[in-house]
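Dear colleague,

I am handing over the structure that I promised you, with the sequence alongside. Please open it first, and then read the notes below with the model in view.

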Amino acid sequence: RVLLVDDDRGAAYESIYFGDTYKRRVPVDTWNKQTSGSPTGADLLNYSTVIWFTGDSAADSLQLADVTAMKDYLDNAGNLFLSGQGLANELRTQDSLFLENYLHARYGGTYFSIYHDGIAGSPIGDGFTARYYSGANQGISISSQIIPVTGGIGAFKFRNSSQYSALSYSGTYKLVFFNWGYEAILNTSPSYATRDTILTRILLFLDAWSQ
């Protein structure tokens, strides 16, 4: 039911997603964009949920073919978790209509904090605080906020910021959008939410897992 689109340009972040889905006993298939090229909408539509991650800071993370595939997938009621640093800034010039009408976000300006505070009432972030692990490759200069629009609901915000770092949307499709790398979450401290506890909320929201 779940496809991982490995779009981290040769990094090894897929091992983190494999590990976390395995903990929740969620079987996944993988599409490696570096070796197989961009998936089509038809490829994505073989799955009820897609997790697409672009990894850490890099320019031109998403290509036109990627955006076209995601539009087709969401137009046909697919459920998407999209994670990657700086995506909103990239998409506001590449395809602002995709950013606003499909990801339900606008670019909210540069901002950086290692802490992400969950938003009360959010199906994803309520009651959680996440932080980056020491040495996480999340570039300060491209870290940015997003503003939920057209039904988007804030999920996390950067510490001491009035804007958001992640959101969710539920309509004809379901969406979770992290404008930063899920894989950068500290996973070893009882003081903060771990990756797999956050992923559990995401998978439940996207109807990709049941308790």
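A convenient place to begin is phenylalanine 53, whose bridge partner in S4 is serine 83. Please bear in mind throughout that this is a predicted model. The two strands concerned, S3 (residues 49–53) and S4 (residues 79–83), pair in the parallel sense over 5 bridges.

These strands belong to an open sheet of 9 strands with mixed pairing, in which the order is S2-S1-S3-S4-S11-S10-S9-S6-S7. Its edges are formed by strand S2 (28–32) and strand S7 (129–131), each of which pairs on one side only. On average, and ignoring direction, neighbouring strands of this sheet are turned by 15° against each other.

Across S3 and S4 lies helix H4 (residues 64–75), which runs at about 150° to S4. For the 12 residues of H4 one expects a span of 16 Å at 1.5 Å a residue, and the C-alpha atoms at its ends are indeed 16 Å apart, so the two values agree. The buried residues of H4 are Asp66, Val67, Ala69, Met70, Tyr73 and Leu74. Because they cover an arc of only 160° around the axis, they sit on the same side of H4. The cover over these buried residues includes S3 and S4 themselves, together with helix H2 (33–36), helix H3 (41–44), helix H5 (87–94) and helix H6 (96–102). On the face turned away from the buried side, H4 carries the exposed residues Leu64 and Asp75, and just after the helix alanine 77 takes a positive phi of about 70°.

Two further residues may be worth finding on your screen. Tryptophan 180 lies in the loop between strand S11 (174–178) and H7, and it counts as buried because its relative accessibility is 1%, where the cut-off is under 20%. Leaving out residues up to four places away in sequence, tryptophan 180 touches Ser83, Gly84, Gln85, His116, Tyr132, Gln138, Ser165, Ala166 and Ile185. Its C-alpha atom is separated by 7.9 Å from that of leucine 87, although the two residues are 93 residues apart along the chain.

Arginine 195, found in helix H7 (residues 195–205), is likewise buried, with a relative accessible area of 12%. Apart from its neighbours within four places in sequence, arginine 195 is in contact with Ile16, Asp20, Tyr182, Glu183, Ile185 and Asn187. Ile185 thus appears among the contacts of tryptophan 180 and among those of arginine 195.

With best wishes

How values were computed
Residues numbered from 1 in each chain as written. Predicted model: local features only at pLDDT ≥ 70, side-chain atom pairs only at ≥ 80, totals over all residues. Heavy atoms only, no water. Pairing = 2+ DSSP bridges. Helix = DSSP H or I, 4+ residues; strand = E, 2+ residues; numbered from the N terminus. Axes fitted to C-alpha atoms, helices over the stretch in contact; angles between N-to-C directions. Contact = heavy atoms within 4.5 Å. Buried < 20%, exposed > 50% of the residue type's maximum accessible area, 1.4 Å probe, protein only. Expected span 1.5 Å × (residues − 1). Arc of directions from axis to C-beta.
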